[in-house]
Amino acid sequence: MTNKEKLPFGKTNYSLMLAGIAIILIGFFVMSLDKTEFGFGFLGLTLGPIIVLAGFGLEFFAILKKS
C-alpha cells in the first residue's frame, strides 16, 4: 500500500484547508472588532461575514480539488 492510497487528500489540499480555517478565524476576529452596539456596524454585518464566507468557499474548493 503506497502513501497515496493511505491519505485521502494531497499536500496542497491540506494547505488550502489550513488557509481556509485561518481566513474563517480572521473573519470572526474582524466581526469582533466592531464597536457599534450589538455589532451592527460595517465590520460586524458586512465585511466580517464576507471574509467568513470566502473562507468556507476556500474549504469547499480544497475538498473538491484533485490531487
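**Exercise 1. Determine whether the span of helix α2 agrees with its number of residues.**

Helix α2 has 22 residues, which at 1.5 Å a residue (the expected span being 1.5 Å times one less than the number of residues) should span 32 Å, and because its end C-alpha atoms are 32 Å apart, the two values agree. Helices here are DSSP runs of H or I with at least four residues, numbered from the N terminus. The model is predicted, so that local features need pLDDT of at least 70 and side-chain atom pairs pLDDT 80 or more, while totals for chains, interfaces and linings use all residues. Residues are numbered from 1 along each chain, and side-chain values use heavy atoms, without hydrogens and water.

**Exercise 2. Work out which residues of α2 are buried and how they are arranged around the axis.**

First, the buried residues (under 20% relative accessible area, with exposed over 50% and partly exposed in between, for a 1.4 Å probe and protein chains only) are N13, M17, G20, I24, G27 and V30. They cover an arc of only 145° (taken from the directions from the helix axis to the C-beta atoms) and therefore lie on the same side of α2. Next, the face turned away from this buried side carries the exposed residues K11, L18, L25 and F29. Finally, the cover over the buried residues includes α3 (42-64).

**Exercise 3. Describe the surroundings of N13 in α2.**

N13 has a relative accessible area of 0% and therefore counts as buried. Apart from neighbours within four places in sequence, N13 is in contact (heavy atoms within 4.5 Å) with A62, K65 and S67.

Conventions
Helices (H or I, at least four residues) and strands (E, at least two) are DSSP runs, numbered from the N terminus.
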